[in-house]
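Trainee: I have just opened this one and would like to go through it slowly. Could you walk me through it?

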Amino acid sequence: MTRPVQAFVSLVPPTAARTSFLLHMATLAPLPQQPPTPPQSPTPQATFADLLVNGASSSSSTTTMSSSSSLENDKVSQPRWRKSTKQVATLGPASSTLEMIEALFLAGADMFRLNFSHGNPEQKLDLLQKIRHIEAKHRHPIAILGDLQGPKLRVGVFANPEGEVLQPGQLFRLDSDATPGNAQRVQLPHPEILQAADIGHALLVDDGKVKLVVRGKGPGYLDCTVVVAGRIKDRKGVNTPDSLLPMSPLTPKDRRDLEYQMDIGCDWIALSFVQTPDDIIEIRTLMDDYARRHKIAIQPALMAKIEKPSCFDGDNLRRIVQLCDGIMVARGDLGVECPPEDVPLLQKQIIDECRQQGKPVVVATQMLESMIDNPTPTRAEASDVSTAIYDGADAIMLSAESAAGKYPVESVTMQQRIINRVERDVHYRTLLHSADFFPTKTPADALITAARQIAQTIQAKAIVCFSLRGTTVLRASKTRPSVPILALCPFKETARQLALSWGVYPDLPEEGSYGPNADHMGDLTFVASSSASKKAVSSGGSSSSSTSTSTTTTMEQLAKEWGARNRDADEDRRTTTMAPNSFSATTTTAQQSQPQMPPASPLLQQPDYNLPATDDFDLVLRHACTAAMNKGLVSNLDDLLVVTAGLPFGTPGAANILRIVPAAGPSCWDGLCRVED
């Protein structure tokens with residue numbers, strides 16, 4: 001039997017509220033894995049979670065929850081935690097120290113890109129370890145993108161070290177002869193180009209500074225006319241906008257780097273030089289096989305870089321987006337191989353297709369190029385960044401600006417300032433929803449659409465999505481709601497991957513991870529079969545149903561194990577006797593490392609989170625309230641949250657429950673909480 005007891009929000013002791021929320025989340029599962037120790041550490045700083053506990057302990061017990069939550073309000077008010085559009089920062093020589101990486105994170109970076117075109121694997125591992133250390137310190141998931149180099153198509157060398165100047169209209173031959181070149185010819189050591197290029201096809205050298213058009217061809221050579229004159233030097237790059245090359249997007253180096261990225265735990269892998277959907281099938285097959293052999297339970301998400309005109313042939317774009325987990329608009333090579341006036345239109349086309357399919361999309365390359373050397377961008381660059389945000393991109397990326405520039409922190413901060421300014425614009429929402437995409441006729445999509453509408457109607461502080469592998473969260477992000485999306489996932493890998501998605505702020509699971517090389521998982525893997533993916537592409541259909549079938553058993557087993565562990569932890573927490581300022585003899589080592597439980601308020605003798613959990617969904621609701629407070633998304637115990645989940649617990653892709661709960665807990669309403677006799 002239960003009876004209500006008055007619990008006025010204004011009289012809840014701040015110490016009790018904050019510490020007990022933190023205790024609740026901590027006791028949902030065992031102690032988290034220790035973050036990797038980096039080679040160097042910055043001056044110790046209090047994390048936001050530390051401030052919640054230490055700052056609260058100095059507050060008066062009669063302080064109201066609303067006024068004592070200034071720390072949470074401060075976090076919400078900071079632009080770093082207000083924005084919906086995410087930021088990707090490339091790491092390099094200018095941003096390789098722990099202090100600099102942390103500064104970039106605090107300035108707004110949600111994902112860090114490791115460019116495998118430069119440096120060695122050991123350097124990338126060092127950067128990854130530093131990122132994981134920062135992630136653990138701030139208790140917020142940070143995504144890591146491993147960017148594969150892809151094939152590099154280049155001319156050979158010239159006898160003249162300064163190269164040769166080609167004149168307009170002259171003939172120039174590209175051939176397979178390794179003899180150093182001159183003003184009439186040079187080697188092109190790529191038989192695929194010599195084979196695929198036809199009469200009339202263009203070849204662009206050195207990012208289009210020199211343009212050649214094929215006028216004749218024979219065994220092992222192409223005779224070209226110089227259309228755009230200029231100097232060609234040794235080993236300059238060659239682009240082939242008109243030719244579909246019969247070659248793999250993965251070089252031997254890329255294959256080694258791919259395995260290395262999966263071994264060290266990159267969250268996303270970017271594939272360069274994508275020409276057709278078959279390229280996605282090829283890398284998926286390699287990833288599936290490697291994950292199976294090395295018992296990698298949760299694979300990295302796959303991102304395709306759109307930089308070739310062939311991606312827009314027929315329905316290639318739709319099928320590429322369908323087979324990937326995300327897309328990058330790589331405007332560098334895309335801008336070379338396509339007419340400049342087409343690039344803005346292609347950018348919009350890619351973003352619209354990704355939004356239609358609910359896949360995150362990153363706009364990249366030369367966004368704030370002038371900030372490599374200058375502390376402020378040009379007005380044209382600021383406008384370019386704004387356009388990508390207005391278009392509805394999930395994220396915008398910095399390359400050389402943060403990797404090798406003089407002002408990496410200023411570049412990230414400038415992007416964040418532009419994001420916040422655009423997202424406050426009255427026109428932003430209008431444009432964002434002018435291209436609203438109709439939900440599919442599924443219960444999950446219907447529920448997410450309803451959650452968005454309800455959150456807007458009741459002015460909820462956030463939509464909370466419990467998701468095993470992020471499907472429900474991506475559906476919520478696709479609708480572009482007016483409030484943040486808090487993602488609760490039992491797997492760190494999922495939380496990190498979701499850090500890239502628009503409006504999503506994942507909670508970092510504290511119980512550890514089933515992550516890379518999880519030996520106890522046996523042969524279980526979360527991978528779609530390659531044959532199923534290939535069948536879907538050949539038929540032009542979706543591979544989602546095949547994927548779900550191949551992963552359901554594994555996902556259910558993990559989810560049920562996670563749920564059972566949480567139920568046991570919840571029972572242990574409630575049966576463990578804890579004095580106000582001490583721990584009982586039965587307190588575990590994990591509990592001793594957590595904040596102590598202060599005396600409860602006389603008017604809140606049995607907080608909702610101290611009641612026995614009725615079922616798995618009750619645990620989810622409690623975790624939602626805890627995480628929302630820790631993220632600073634709520635500032636009062638009567639703030640409302642809209643929570644979605646799927647039952648039976650552990651069903652992949654299911655979203656069939658919608659619940660409105662106050663921040664105080666699922667059983668507290670209008671200042672009243674149920675208690676047990």
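Mentor: Let us settle one word before we start: two residues are in contact when they have heavy atoms within 4.5 Å of each other. Please also keep in mind that this is a predicted model.

Trainee: Okay, then which residues is F112 in contact with, if I skip its neighbours within four places in sequence?

Mentor: With those neighbours left aside, F112 is in contact with A89, L91, I101, L104 and F105, and also with I131, I142, A143, I144 and L145.

Trainee: And where does F112 fit among the residues of the largest nonpolar core?

Mentor: That core has 72 residues, and F112 is one of the five that touch the most other members, together with I280, I320, I327 and I350. The helix that gives the most to this core is α9, residues 277-293, with 6 residues.

Trainee: How many residues are in the second, separate core?

Mentor: The second core, which is separate, has 25 residues, including L153, L222, V226 and F273. As general background, nonpolar side chains in soluble globular proteins tend to be buried together.

Trainee: Let's stay with L153 for a moment. Is L153 buried or exposed?

Mentor: L153 has a relative accessible area of 7%, so it is buried. In the chain, L153 lies in the loop between β4 (143-147) and β5 (164-166).

Trainee: Which residues is L153 in contact with, again without the neighbours within four places?

Mentor: Its contacts are H190, I193, K236, G237, V238, L245, M247 and F273. You can also compare L153 with R235, since the two are 82 residues apart in sequence, while their C-alpha atoms are 8.7 Å apart in space.

Trainee: Changing topic to the whole protein chain: how many helices and strands does it have?

Mentor: The protein chain has 23 helices and 24 strands. Of its 677 residues, 56% are buried. If you take the contacts between residues at least 6 apart in sequence, 73% of them join residues at least 24 apart.

Trainee: With helices in mind, how are two packed ones usually described?

Mentor: They are described by the angle between their axes and by the distance between those axes. For example, helix α17 (residues 443-458) and helix α18 (residues 471-478) have axes that come within 9 Å and cross at roughly 50°, and α17 and α18 are therefore oblique to each other.

Trainee: Which residues make that contact between α17 and α18?

Mentor: On α17 they are A444, D445 and I448, and on α18 they are T472, R475 and A476. Sorted by class, this contact of α17 with α18 has 3 nonpolar, 1 polar and 2 charged residues. The crossing itself is right-handed.

Trainee: What about α13 and α15, at what angle do they pack?

Mentor: Helix α13 (residues 379-391) and helix α15 (residues 408-423) pack at about 50°, and their axes are 10 Å apart, so this pair is oblique as well. Their contact is made by A382, V385, S386, I389 and Y390 of α13 with I418, I419, V422 and E423 of α15, and those residues divide into 7 nonpolar, 1 polar and 1 charged.

Trainee: And which way does α13 pass α15, left-handed or right-handed?

Mentor: The crossing of α13 past α15 is right-handed.

Trainee: Now for the backbone: what is phi of D206?

Mentor: Phi of D206 is near 55°, which is a positive value in a residue other than glycine. In general, most residues other than glycine have a negative phi. D206 sits in the loop between β8 (202-205) and β9 (210-218), and it counts as buried because its relative accessibility is 16%, where the cut-off for buried is under 20%.

Trainee: Where is Q459, and is Q459 buried or exposed?

Mentor: Q459 is found in the loop between α17 and β18 (462-466). Its relative accessible area is 67%, so Q459 is exposed. Phi of Q459 is also positive, near 55°.

Trainee: One more loop, then: where does A435 lie?

Mentor: A435 lies in the loop between α16 (426-434) and α17, and at 27% relative accessibility A435 counts as partly exposed. The C-alpha atoms of A435 and D391 are separated by 9.6 Å, although these residues are 44 residues apart along the chain.

Terms used: Residues are numbered from 1 along each chain as its sequence is written. This is a predicted model: local features need pLDDT of at least 70, side-chain atom pairs count only at pLDDT 80 or more; totals for chains, interfaces and linings use all residues. Side-chain values use heavy atoms; hydrogens and water are left out. A nonpolar core is a set of buried Ala, Val, Leu, Ile, Met, Phe, Trp, Tyr and Cys residues joined through side-chain atoms within 4.5 Å. Buried means under 20% relative accessible area, exposed over 50%, partly exposed in between (1.4 Å probe, protein chains only). Helices (H or I, at least four residues) and strands (E, at least two) are DSSP runs, numbered from the N terminus. Axes are lines fitted to C-alpha atoms, for helices over the stretch in contact, and angles run from 0 to 180 degrees between N-to-C directions. Angles under 35 degrees count as roughly parallel, over 145 as roughly antiparallel, 65 to 115 as roughly perpendicular and the rest as oblique. A crossing is left-handed if the near helix is turned anticlockwise from the far one by less than a right angle, and right-handed if clockwise. Ala, Val, Leu, Ile, Met, Phe, Trp, Tyr, Cys and Pro count as nonpolar, Asp, Glu, Lys and Arg as charged, and the others, Gly among them, as polar.
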